[in-house]
Each structure stands twice: as structure tokens, then as C-alpha cells.
Amino acid sequence: MRGAREHNLKDVDVDIPRDAFVVFTGISGSGKSSLAFGTLYAEAQRRYFESVAPYARRLIDQAGVPEVDAIEGLPPAVALQQHRGTPTTRSSVGSVTTISNSLRLLYSRAGTYPPNQPHLDSDAFSPNTPAGACPNCHGLGRVYDATEESMVPDPSLTIRERAIAAWPPAWHGQNLRDILVSLGYDVDTPWRELPQKDREWILFTEEQPTVPVYAGFTPAETRRALRRKEAPSYMGTFTSARKFVLQTFATTQSAMIKKRVSQYMVSGECRLCHGKRLRRESLSVTFAGLDIGELSRLPLKRVAEILRPTVNGTAPGMAKLSREHPEKALVAQRIAKDLLARIDVLAELGLGYLSLERSTPTLSPGELQRLRLATQVRSNLFGVVYVLDEPSAGLHPADTASLLKALDQLKGSGNSLFVVEHEVDVIRHADWIVDVGPAAGEHGGRILYSGPLEGLASVEASHTRRYLFEEKAAARHTPRSPKGWLRLEGVSRNNLHGLDVEFPLGVFTTVTGVSGSGKSSLVSQVLVELVSEQLGHELLPDEDEGEELERSVVLTTGGKIVSGMEGIKRLVRVDQRPIGRTPRSNLATYTGLFDHVRKLFAATKEARARRFDVGRFSFNVAKGRCETCEGEGFVSVELLFLPSVYAPCPTCHGARYNAKTLEIQYRGKNIAEVLGMTVDAAYAFFAEDTAVHRALGVLKEVGLGYLRLGQPATELSGGEAQRIKLATELQRVQRGHTLYVLDEPTTGLHPADVDRLMSQLNGLVEAGNTIILVEHDMRVIAASDWVIDMGPGAGEEGGKVVVAGTPAQVAATSKSRTAPYLSECLG
Ligand code: ADP
Ligand code: ADP
Ligand code: ZN
Ligand code: ZN
């Protein structure tokens with residue numbers, strides 16, 4: 001590669017071997033991704049697009065061609081990137097891995113059919129086809145309905161007093177009431193005293209009569225008007241409450257309205273298919289005594305055990321089948337063998353606890369990446385370069401070994417691997433290291449080293465070197481003593497069944513365990529839900545309302561807090577969910593920093609002379625923003641069959657503001673230029689403005705100095721979003737008694753940045769708060785005050801507290817899978 005200049009890359013040249021395991025290292029923001037994804041992968045994509053589709057040129061022009069002079073010898077690339085934000089498409093483990101397809105084939109060809117039932121096509125085993133879908137729930141497995149109880153929460157009210165809470169508010173609701181009056185229904189008697197027949201009709205009828213409406217008339221006046229056939233105010237069409245709720249839920253575009261009507265719905269498992277989503281005939285076909293719905297609910301490891309006897313020919317009935325229908329036996333064996341091989345790869349990657357029916361939005365980004373990786377391992381492609389983004393994220397060191405094995409398999413079949421990583425074990429495994437740095441953003445973007453691992457030892461400028469080669473006996477710190485205990489009893493969720501657990505207060509706790517052991521179920525789900533319920537605040541709704549909706553109908557929290565709440569006044573959950581989903585939210589707006597900046601601009605002499613107020617400097621307000629892109633800086637281009645792409649705005653070229661606004665300068669910079677600064681640059685620029693300076697300082701401290709102030713939320717990784725939330729929290733005045741819950745905050749962080757993060761978190765503990773985090777980084781675990789190790793295994797083999805104690809106590813527990821790694825780190 002010659003002359004790479006993407007993002008912060010400083011016109012770099014580098015030679016990278018093919019058919020090798022190459023790891024890109026460097027602190028966060030140094031330019032690793034810009035090199036691996038932004039340049040190498042982007043260029044490979046561009047060439048691929050050009051070769052297959054002439055129309056794709058347009059896309060490439062919009063998506064941008066990487067800034068690089070030349071790349072030679074570049075193989076086609078496949079990216080296995082941790083997606084930023086949550087996926088919008090609805091898919092399952094079975095569909096992503098395509099294992100479900102093979103399973104359907106197995107049932108179709110080699111299933112046990114009831115006598116006289118003809119053989120079914122494999123389509124008939126998919127809930128997404130008309131041939132397979134259960135006719136009652138249309139393949140959803142659940143039915144949503146509205147009942148009298150759900151739509152009329154208080155039957156002592158009259159219709160006029162809004163007994164039918166499910167009806168729309170305001171004018172539309174009044175309209176429906178007036179129609180009922182015209183139809184002769186009593187709207188002034190308490191609901192429960194109305195005749196059953198009337199209540200049923202009003203709530204459930206499918207009829208939609210259109211009748212004259214006399215707005216503002218009393219029932220008596222309406223009756224008189226009807227008799228005299230007076231001209232009505234208008235003609236109104238009636239819709240029953242249930243019809244209104246279901247129809248609105250199915251058709252509205254607004255998440256808010258959807259959420260509103262969903263309150264009046266109840267959901268239940270479909271009674272016809274029992275949630276298995278298929279028609280009766282499909283479910284009557286079995287394999288090893290199980291229908292395909294049952295098999296799809298089992299952990300993959302169990303599915304493997306069920307398939308193995310068929311592969312070995314030892315399954316009951318196989319001998320008979322071989323004799324009578326040898327061709328059938330052969331087919332069964334072949335499909336089962338292929339399935340088993342694919343499941344084995346998943347199991348080796350530590351995903352054996354997943355079931356095929358598990359929906360991908362409930363998986364962590366790391367799990368999803370490994371799922372895709374496993375699919376690739378079996379794809380038999382060769383001569384490809386796989387580009388991966390921190391594949392160790394979310395992995396316990398015990399799982400990392402199997403990840404490396406899978407990567408080696410890919411390399412062994414003749415592929416190249418480009419991996420962006422921080423995890424020392426993965427770096428040590430590399431054939432070749434490309435170290436980028438020395439620092440982040442403007443201070444990075446150079447290749448410090450490119451060669452086999454050992455050579456890095458002599459590169460003075462490298463931060464990575466320190467963590468790889470210097471003996472760093474983790475300073476044995478004395479754990480703090482808890483100030484109290486938060487006790488939970490009977491916790492049930494996913495693989496937790498009636499678990500009792502206690503969290504120390506006023507200290508720093510890490511929750512550990514192999515992936516799938518139940519850490520997130522315990523901490524990010526149950527603990528967070530129970531504490532917020534006790535504090536009486538509703539959980540902040542998910543950005544993704546639809547998702548939230550579905551989960552809230554299905555999940556109930558098992559368990560309760562029995563003591564310790566007196567020590568907690570506030571709950572702050574610092575997670576990896578995006579801080580926004582459009583380029584309208586960015587670092588500066590989310591942290592509140594931008595409010596200060598706008599005030600500074602509005603206070604300049606020029607701004608006051610022109611009467612430009614604070615709003616003028618917001619790209620969300622019409623006055624000051626560019627009207628072509630309405631302040632987005634980008635225009636979104638909708639594409640058929642492809643996700644829409646953002647292209648720079650032709651008028652403001654990304655500046656977001658109109659020319660008049662941009663004429664105002666604060667200390668020689670206009671507002672767009674300020675948004676274009678990195679946190680580091682802005683920290684120097686705003687040195688004299690205390691509020692802005694302080695906020696920027698905190699962002700630097702959590703390792704985000706390299707981000708630009710206006711960096712859109714859509715460009716941020718989960719780890720960056722989490723650190724932004726943390727920084728926002730750190731700026732607040734500390735009153736103590738706050739419980740902070742974090743989920744693997746070290747994701748995407750170089751060890752050097754982890755150290756800074758730790759000192760921030762310790763500062764919060766010193767200020768009288770409690771920290772609980774789910775973590776895999778042994779240095780972080782070793783430095784915590786208390787460790788709760790979940791396990792022992794994943795899925796149903798986990799879900800218990802293996803040991804809880806100080807890091808030293810946990811390190812000495814033989815049955816803990818964390819212990820060996822922890823004791824090595826403790827030295
Ligand atoms: P790393 O992968 O080492 O953490 P990146 O390659 O993501 O670093 O970032 C290197 C620099 O490029 C940072 O200063 C970052 O803010 C900047 N950068 C990253 N993505 C973009 C982008 N889409 N547009 C502009 N600058 C970017
Ligand atoms: P960890 O955080 O330790 O990786 P999790 O708490 O995410 O583990 O998962 C524990 C178990 O619960 C696993 O068997 C996992 O497959 C299961 N699980 C987690 N979330 C869900 C969900 N939304 N639906 C079904 N099963 C789930
Ligand atoms: Zn059904
Ligand atoms: Zn514009």
C-alpha cells in the first residue's frame with residue numbers, strides 16, 4: 001500500500017504479507033480502522049463493485065473512494081465488522097448461519113412422517129412461507145389481541161369519562177363518542193352497568209356503520225335532531241376499540257403512537273402452534289422424536305448430540321432404514337453430517353449455548369461476529385482477506401483460544417486475516433503486526449512498525465510495546481471494604497433460575513464468567529430492572545421502540561431486592577447503545593457541550609450586532625442552518641434494495657450552516673470549524689472558557705480526545721458511545737449513593753486507555769458511589785475490590801455464582817474458569 005491518507009493517516013506506505021494472520025495495533029483513535037477498514041477493505045470493495053455492477057459506480061462515488069495512491073496484490077475482502085448500532089433486520093441464529101435451511105431439508109427428506117401423510121417440501125418447515133406458517137398467528141408464534149380488561153382499565157367510568165382508554169385522545173375520541181350517541185348508546189352510565197351486548201359491540205364489532213353526527217349536542221338534542229332529520233355537522237364512521245387498536249398497531253409509522261396503543265394489547269403464545277410458528281402438518285414430522293420447533297429451541301450443543309447417532313449410523317432405526325431405503329438413509333446421514341460439522345464450529349467458538357430460534361437482536365455484537373465467523377469457516381472460500389474488528393470483544397480468555405483456532409482454520413484454507421485488536425493474547429498469536437500511532441487522531445496515523453511480533457520490542461514510540469513486553473506485575477492493591485450489601489433473591493431470567501446474589505455497595509465490583517454464563521442477564525437486565533423499579537423511575541425507553549415493545553410484552557422480572565436499597569439513591573446505566581441514530585445527534589450535542597459553545601458564539605460582538613441568538617447557531621433550527629440539507633450536512637440517498645447512503649450536502653459541503661451564520665467567528669473560527677475540531681484541539685482552543693474546557697477535559701480522560709466534536713452518532717462505535725455517556729456522567733456534580741452499571745467498558749480500548757478509564761471509575765467510588773461492571777479484561781478484574789464469577793459454563797451449564805470474593809480469593813478457587821487467568825495476572 002502506498003500513500004494512504006484516509007482520515008488521520010499521514011500518507012503512509014506499508015507492506016503487508018498475504019496468507020498471514022496480521023494484527024493492527026495502536027491506541028484508540030490511532031488509525032487502525034482507518035487503515036484496515038477505511039482503506040484496505042474499502043478499496044477491495046470498490047474493486048469488487050466495479051467488476052460486477054456498472055451502476056455501482058454511482059454508489060462508490062457517493063460512499064467515497066479511499067484516499068490512497070496505490071494498493072497492489074489486494075485479494076477480495078470480506079468484512080466481519082462489529083456492527084455499529086443495532087441491526088434492524090429481524091433474523092435468528094438459524095437464519096444467519098443458514099443452519100435452519102439444512103435442518104428443513106433434513107425434516108423434509110429424512111423426518112419421520114405420520115402414517116399416510118405425504119412428504120412435505122422443505123419450505124413447509126419455514127414459518128416465513130405460506131406453506132409453513134401457522135394460519136392462526138401467521139408464523140409469528142404469538143398473537144396480539146385487545147381484551148375488555150386491557151382496553152377498559154376502569155369500568156366505573158362512563159364512556160364520556162373516557163372509560164374506553166384505548167380509544168384515541170382528543171377530537172378523534174370525541175368523534176367516536178358522538179357516533180355512539182347517534183347510534184343510540186348510553187354514554188353517561190358507568191361502563192360496568194351497560195348491557196353485556198352493548199359492551200361487546202362497542203369494543204369488538206367488525207361493523208363500521210357511517211351515521212350523522214351532531215357535534216356539541218347533548219344525547220337528547222341528538223335524538224331530536226335525528227328524528228327531525230336535521231342536517232348533521234358531518235357523517236362519522238364508527239370503529240370498534242379493538243379494531244382501532246389492532247389496526248393502528250399494524251399500520252402506524254409513529255413509534256410513539258405504536259407504543260401508546262400497545263398499552264391496550266395483551267400478547268400470548270399462539271394456541272394453535274404453541275409458539276412454534278408452523279402449521280400442524282409440519283409439526284407432525286419429527287426427527288429423533290422432536291418436531292422442528294422443539295429442536296430449534298434446544299441449545300446447539302444438544303442438537304449436535306441428537307444428530308451424532310445418525311451420522312455414525314447408530315441411531316435407532318438407522319439399520320432398518322439402510323436395509324429398506326438405503327437412499328433415504330444416505331440422505332439423512334449426509335445432511336446430518338453437514339449440520340453437525342457446522343454446529344461443531346459454532347460450539348468451538350463458545351456459542352454452543354445458543355438455540356437456532358434465538359433472534360439476533362438479542363445477541364451481543366461479539367456473539368454476532370463470531371456467528372458470522374463460524375459461517376465463514378465452513379464456507380470453503382479461499383484467497384480472500386477477512387477483515388475483523390476486535391473479535392475478542394465479549395470473550396472470556398477461556399473462549400479466546402477457540403476463537404484463535406477458528407481464525408487459524410480460515411488462514412489454513414488459504415486466506416489472509418487482517419484483525420484490529422487490543423487483546424494481548426490475540427496480538428501474541430499474530431504472524432505479523434502493524435502498529436499504528438503513536439497517539440490518537442492528529443497525533444497518530446503513522447506506521448510505527450510492520451513486521452513479526454518480536455521486532456516491536458525495540459520500537460520506542462509504541463504504546464503497544466509496553467503492554468506486550470514489559471513485565472507489569474499488576475500492583476496488588478488492597479481491596480476496599482464494602483459499605484453495605486444489596487441483596488437479591490430468587491432471580492430468574494434466561495439461564496438464571498432462582499438465584500440469590502449479593503452486590504457490595506460503595507466499592508468497585510466486576511462480574512466475570514465465560515460468554516453465555518449469565519452476566520448480562522444478571523447485571524444489565526435483572527439488577528437494572530429491579531433497582532430502577534425500587535427507585536420508582538421507569539427505565540429509559542430504548543431508542544428502538546419496536547424492540548422494547550416486544551421485549552416488554554414477553555419478559556417479566558423474576559426476583560426481588562431484599563435489602564440494601566437505602567444505600568442507593570440513583571441508578572446510572574452506562575451501556576453501549578448508540579447515543580442517537582441520525583447524524584443530527586453528535587458528541588457535542590449529547591454531552592451538552594454544544595450549548596456552551598453556542599452561547600459563546602451568540603455573545604460575540606458580530607452576533608449581537610446582527611441579533612443572532614443562541615438558536616441561530618443550532619443546526620436543528622431553521623434560522624441558521626443550511627436549508628438544502630436542513631442542517632444535516634449530508635443528504636440521504638435512498639437506494640433500491642440497499643441501505644440508503646449519506647452523501648455530502650451540495651450546498652454547504654457538510655458545514656451544516658448557511659453562509660450568514662458562518663460569517664460569525666469566535667476567536668477566528670466559525671461554528672462549523674469548531675464542530676470539525678477534535679476534542680484534543682478544542683481543549684487547547686477553549687482553554688479560557690472554564691465550562692467548555694472542563695467538559696472537554698473529561699472526554700479526554702476517558703480516551704476520546706481523538707473524536708471530532710461534530711462526529712455524528714452514526715459513526716460512533718458501541719464502546720465510544722459508552723465512554724461518551726460515562727464522560728457526560730462524570731461532569732455531573734457527585735453526590736454519592738449512585739449505582740453505576742457498565743457493560744464491558746474496555747471494548748475498543750487499548751490497555752493504555754484502560755488505565756485512564758480505571759482511574760476515572762475509581763474516582764467515582766472515592767466519591768461514595770458503587771460501580772458494578774461486566775468485564776473480561778483481567779487487569780481490570782484484578783484491580784477491582786470484589787469479583788462475582790458466574791458459571792461454571794455457558795447457557796444451562798452456567799447461571800450460578802461460582803465464587804464471590806476479593807480478586808485474590810477468586811484467583812484461588814479451583815473450580816472457577818476465571819481463576820487461572822486472574823492468578824496469572826495477579827502475579
Ligand atoms: P482506531 O481504529 O485506531 O481506533 P480510527 O481509524 O477509527 O482509529 O480513527 C482514526 C482517526 O480518524 C480518529 O481521529 C477518528 O476520529 C478519525 N475518523 C474515524 N472515522 C472517521 C470518519 N468517518 N470521518 C472522519 N474522521 C474519522
Ligand atoms: P453473558 O452475559 O455471561 O455472556 P447472558 O446473560 O447474555 O450471558 O446469557 C446467559 C444465557 O441466557 C445464555 O444461554 C443466553 O443464550 C441466554 N439468553 C440471553 N439473552 C437471551 C434472550 N434475550 N433470549 C433468550 N435467551 C437469552
Ligand atoms: Zn401459531
Ligand atoms: Zn447543507
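Select Thr512 first, and in this predicted model you will find Thr512 standing opposite Asp789 in strand 24. Extend the selection to residues 508-512, which make up strand 17, and to residues 786-791, which make up strand 24; these two strands run parallel and are joined by four bridges.

Next, bring in the rest of the sheet, an open one in which six strands follow the order 19-22-23-17-24-25 with mixed pairing. Strand 19 (570-574) and strand 25 (800-805) are at the edges, and each has a single partner strand, so one side of each is left without a neighbour in the sheet. If you compare the directions of neighbouring strands in this sheet, the turn of one against another is 15 degrees on average, direction ignored.

Now add residues 519-535, which form helix 20; this helix lies across strand 17, strand 19, strand 22 (738-743), strand 23 (770-774) and strand 24, and it runs at about 155 degrees to strand 22.

Keep Lys519 selected and show ligand 2, because the next stop is its shell: of the 15 residues around ligand 2, those that come nearest are Thr362, Asn494, Lys519, Ser520 and Ser521. Sorted by class, this shell around ligand 2 holds 11 polar, two charged and two nonpolar residues.

Finally, move to helix 13 (residues 300-312) and helix 15 (residues 326-348), whose axes come within 9 Å and cross at roughly 145 degrees, in a left-handed crossing. On the helix 13 side, the residues that meet helix 15 include Leu300, Val303, Leu307 and Arg308, while among their counterparts in helix 15 are Ala336, Leu340, Ile343 and Asp344. By class, this contact comprises 12 nonpolar, four charged and two polar residues.

Technical notes. Residues numbered from 1 in each chain as written. Chains lettered and ligands numbered in written order. Predicted model: local features only at pLDDT ≥ 70, side-chain atom pairs only at ≥ 80, totals over all residues. Near = placed C-beta within 6 Å. Nonpolar A, V, L, I, M, F, W, Y, C, P; charged D, E, K, R; others polar. Pairing = 2+ DSSP bridges. Axes fitted to C-alpha atoms, helices over the stretch in contact; angles between N-to-C directions. Contact = placed C-beta atoms within 7 Å. Left-handed = near helix turned anticlockwise from the far one by under 90°.
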